[in-house]
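Please examine the following model, with attention to how its secondary structure elements pack and how its charged side chains pair. The account below moves from the packing of elements to single residues and then to the chain as a whole.

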Amino acid sequence: MSIDRSAERLLQWYPANWRKRYGEELAGLIVDMSDDRRLSWRLRADVAAAGARERLRDARIGDP
């Protein structure tokens, strides 16, 4: 799987409104950090965890 595709898949952890605002920037950072190699498990875990936190934050804000 290409680094670009991996970055796109990792961004799916984030809520849509977050991806719309910051997605391109984070995807570029992920690609830059990969240095044309496979993404480390640590980077994948960190991005997924941060995305999950953003989804929780988004759910709390959207909750009446």
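Helix 1 passes helix 2 in a right-handed crossing. In this predicted model, the axes of helix 1 (residues 3-11) and helix 2 (residues 16-34) come within 9 Å and cross at roughly 140°. The pair is therefore classed as oblique, helix 1 to helix 2; the class of roughly antiparallel is reserved for angles over 145 degrees. Helix 1 contributes Ile3, Asp4, Ala7, Leu10 and Leu11 to the contact, while helix 2 contributes Trp18, Arg19, Gly23, Leu26, Ala27, Ile30, Val31 and Ser34. By residue class, the contact of helix 1 with helix 2 comprises nine nonpolar, two polar and two charged residues.

Aspartate 32 also lies in helix 2. With a relative accessible area of 63%, aspartate 32 is exposed, because the cut-off for that class is over 50%. Its C-alpha atom is 9.6 Å from that of isoleucine 3, although aspartate 32 and isoleucine 3 are 29 residues apart along the chain.

The loop between helix 1 and helix 2 holds tryptophan 13. Is tryptophan 13 buried, exposed or partly exposed? Its relative accessibility is 42%, so tryptophan 13 counts as partly exposed. Once neighbours within four places in sequence are set aside, the contacts of tryptophan 13 are with Ala48, Gly51, Ala52 and Arg55. A C-alpha separation of 8.1 Å links tryptophan 13 with valine 47, a residue 34 positions away along the chain.

Valine 47 serves again as a reference point for isoleucine 61. Isoleucine 61 is found in helix 3, and its relative accessible area of 66% makes this residue exposed. The C-alpha atoms of isoleucine 61 and valine 47 are separated by 21 Å, with their positions 14 residues apart along the chain counted as sequence separation.

Arginine 44 is likewise placed in helix 3. At 27% relative accessibility, arginine 44 counts as partly exposed; the value is above the 20% under which a residue is called buried. Which residues does arginine 44 contact, leaving aside its neighbours within four places in sequence? They are Ser6, Leu10, Arg38 and Leu39. For serine 6, the C-alpha to C-alpha distance from arginine 44 is 8.9 Å, and the two residues are 38 apart in sequence. Leu10, a contact of arginine 44, is also one of the helix 1 residues in the contact with helix 2.

The pairing of charged side chains comes next. How many salt bridges does a search of the whole structure find? The search finds four, and the paragraphs here describe some of them.

One of these joins arginine 42 and aspartate 46, whose side chains meet at 3.3 Å, N to O. Arginine 42 and aspartate 46 are four residues apart in helix 3 (residues 41-62), so about one helical turn separates them. Aspartate 46 is partly exposed, as its relative accessibility is 40%.

Another salt bridge is formed by the side chains of glutamate 54 and arginine 57, at 2.5 Å from N to O. Here too the spacing is about one helical turn, because glutamate 54 and arginine 57 are three residues apart in helix 3. Arginine 57 has a relative accessible area of 41% and is partly exposed.

Arginine 37 and aspartate 35 also form a salt bridge, in which the closest N and O atoms are 3.6 Å apart. Both arginine 37 and aspartate 35 are exposed.

These details can now be set within the whole chain. The protein chain has three helices and zero strands, and its pattern along the sequence is α-α-α. The C-alpha trace spans about 45 × 20 × 15 Å along its principal axes. Of the 64 residues, 28% count as buried. Among contacts in the chain with a separation of 6 or more, 62% are accounted for by residues 24 or more positions apart. The contact of arginine 44 with Ser6 belongs with these, since its partners are 38 residues apart in sequence.

Terms used: Residues are numbered from 1 along each chain as its sequence is written. This is a predicted model: local features need pLDDT of at least 70, side-chain atom pairs count only at pLDDT 80 or more; totals for chains, interfaces and linings use all residues. Side-chain values use heavy atoms; hydrogens and water are left out. Buried means under 20% relative accessible area, exposed over 50%, partly exposed in between (1.4 Å probe, protein chains only). Helices (H or I, at least four residues) and strands (E, at least two) are DSSP runs, numbered from the N terminus. Axes are lines fitted to C-alpha atoms, for helices over the stretch in contact, and angles run from 0 to 180 degrees between N-to-C directions. Angles under 35 degrees count as roughly parallel, over 145 as roughly antiparallel, 65 to 115 as roughly perpendicular and the rest as oblique. A crossing is left-handed if the near helix is turned anticlockwise from the far one by less than a right angle, and right-handed if clockwise. Contact means heavy atoms within 4.5 Å. Ala, Val, Leu, Ile, Met, Phe, Trp, Tyr, Cys and Pro count as nonpolar, Asp, Glu, Lys and Arg as charged, and the others, Gly among them, as polar.
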